[in-house]
Amino acid sequence: MTDHTSPAKLEAPPAPEAGRRVLIKGQQTKAVIIDAALGLASQIGLEGLSIGAVAEVTGMSKSGVFAHFGSREELQISVIREYHDRFEAEVFYAAMQMPRGLPRLQALFDNWMVQTSAEIDSGCIYISGAVEFDDRTGPVRDALASSVSTWQTALRRAVELAQAEGQLSRASDAHQIAFEIHGLILALHYEARFLRNPSAADHARQGFQHILTRYAGPGMPTSTLSSESKSHSIPAPQLVAAPKGRRASANN
């Protein structure tokens with residue numbers, strides 16, 4: 001008699017635990033490499049970043065680092081993305097907790113000041129990267145320009161929301177206001193990092209107040225136009241002497 005008993009239902013075996021551990025370890029290792037590469041790029045610039053330099057800093061082999069990225073270019077792009085993610089978290093998303101309009105715009109500028117102050121002794125990837133790649137083409141420049149454009153769009157949107165609330169003049173050009181605010185940060189970085197000017201942070205704060213005064217709308221709070229702004233609570237940048245030879249090539 002033929003046995004017509006149905007065979008046991010087959011199920012896909014679960015992924016081996018060992019495989020998951022290898023995957024997690026690989027992700028953790030890549031995160032460590034990117035963190036080290038970001039620190040190195042802040043010191044020597046994106047252009048100075050290389051597989052060999054990162055391998056030396058992390059104590060890994062060149063082939064080990066290469067296995068996670070495949071090229072120096074991809075390593076540079078990964079560093080740009082990581083910097084952008086951290087910048088968004090510290091500057092943009094933190095400010096989103098504030099009410100839309102002027103409080104949010106003020107928080108964006110205050111957070112940006114704190115970020116810039118923290119980078120006085122290292123360097124801003126956005127600024128140094130622009131100097132290195134402004135006359136080039138390719139994926140690294142595209143990734144950097146895309147990150148900066150995304151941030152500028154967010155800043156302009158914060159200005160537009162302040163205009164919608166009547167706190168800034170609706171007749172004014174939001175692009176112009178955002179341009180001037182961005183210019184303050186660039187000047188702060190140049191004055192504090194290159195010229196070691198201890199008054200740079202105060203000048204930047206005063207410049208921001210002047211922008212608010214010039215473009216004030218009917219809904220601008222009177223207290224905001226005072227020279228005593230909340231932004232004065234932001235600590236002045238710590239001007240740390242830059243080590244000699246920090247821009248030496250690291251192309252190993």
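Student: How much area does the chain expose, and what share of it do carbon and sulfur atoms supply?

Tutor: The chain exposes about 14000 Å², and carbon and sulfur atoms supply 56% of that area. Accessible areas come from the Shrake-Rupley method with a 1.4 Å probe, and for residues only the protein chains shown count as cover. This is a predicted model, in which local features need pLDDT of at least 70 and side-chain atom pairs count only at pLDDT 80 or more, while totals for chains, interfaces and linings use all residues. Residues are numbered from 1 along each chain as its sequence is written, and side-chain values use heavy atoms, with hydrogens and water left out.

Student: What makes up the pattern of the chain, read along the sequence?

Tutor: The pattern is α-α-α-α-α-α-α-α-α, with 9 helices and 0 strands. Helices (H or I, at least four residues) and strands (E, at least two) are DSSP runs, numbered from the N terminus.

Student: Which share of the contacts joins residues at least 24 apart?

Tutor: Taking contacts between residues at least 6 apart in sequence, 72% join residues at least 24 apart. A contact means heavy atoms within 4.5 Å.

Student: Why is Tyr190 called partly exposed?

Tutor: Buried means under 20% relative accessible area, exposed over 50%, and partly exposed in between (1.4 Å probe, protein chains only). Tyr190 has 48%, so Tyr190 is partly exposed. Of the 252 residues of the chain, 44% count as buried.

Student: Which residues make a nonpolar surface patch with Tyr190?

Tutor: Tyr190, which is found in helix 8 (residues 174-194), makes a patch of about 350 Å² with Phe194 and Leu195. Patches are made of residues with over 30% relative accessible area and no salt bridge; like charges are joined within 9 Å, and nonpolar side chains (Val, Leu, Ile, Met, Phe, Trp, Tyr) within 5 Å.

Student: How many aromatic pairs are there, and what is the rule?

Tutor: The count comes to 8. Rings of Phe, Tyr and Trp (its six-membered ring) pair if their centres lie within 6.5 Å; planes under 30 degrees apart count as stacked, over 60 as edge-to-face and the rest as tilted.

Student: Why is the pair of Phe92 and Tyr93 called edge-to-face?

Tutor: The ring centres of Phe92 and Tyr93 are 5.2 Å apart, within the limit, and the planes stand at 70 degrees, so the pair is edge-to-face.

Student: What makes the pair of Phe109 and Phe208 stacked?

Tutor: The planes of Phe109 and Phe208 are at 5 degrees, with the centres 4.2 Å apart, so this pair is stacked. Phe109 lies in helix 5 (residues 102-118) and Phe208 in helix 9 (residues 200-214), so the pair ties together parts 99 residues apart in sequence. Both Phe109 and Phe208 are buried. Elsewhere, Tyr83, Phe87, Trp112, Tyr126 and Trp151 form one aromatic cluster.

Student: How do you know that Glu47 and Arg136 meet in a salt bridge?

Tutor: A salt bridge is a side-chain nitrogen of Lys or Arg within 4 Å of a carboxyl oxygen of Asp or Glu. Between the side chains of Glu47 and Arg136 the N to O distance is 2.7 Å, so the pair counts. The pair links distant parts of the chain, 89 residues apart: Glu47 is in the loop between helix 1 (17-44) and helix 2 (51-58), and Arg136 is in the loop between helix 6 (125-133) and helix 7 (139-164). The structure holds 10 salt bridges.

Student: How do you know that Arg136 lies over the face of Phe133?

Tutor: A charge sits over a ring if NZ of Lys or CZ of Arg is within 6 Å of the ring centre and within 35 degrees of the ring normal. Arg136 is at 5.1 Å from the ring centre of Phe133 and lies over its face.

Student: Where do Arg157 and Glu160 lie?

Tutor: Both are in helix 7, 3 residues apart, about one turn of the helix. Arg157 forms a salt bridge with Glu160, the closest N and O atoms being 3.8 Å apart.

Student: Why does Glu180 count as buried?

Tutor: The relative accessibility of Glu180 is 18%, under 20%, so Glu180 counts as buried. The side chain of Glu180 meets that of Arg214 in a salt bridge (2.1 Å, N to O). That pair joins helix 8, which holds Glu180, to helix 9, which holds Arg214, 34 residues apart.
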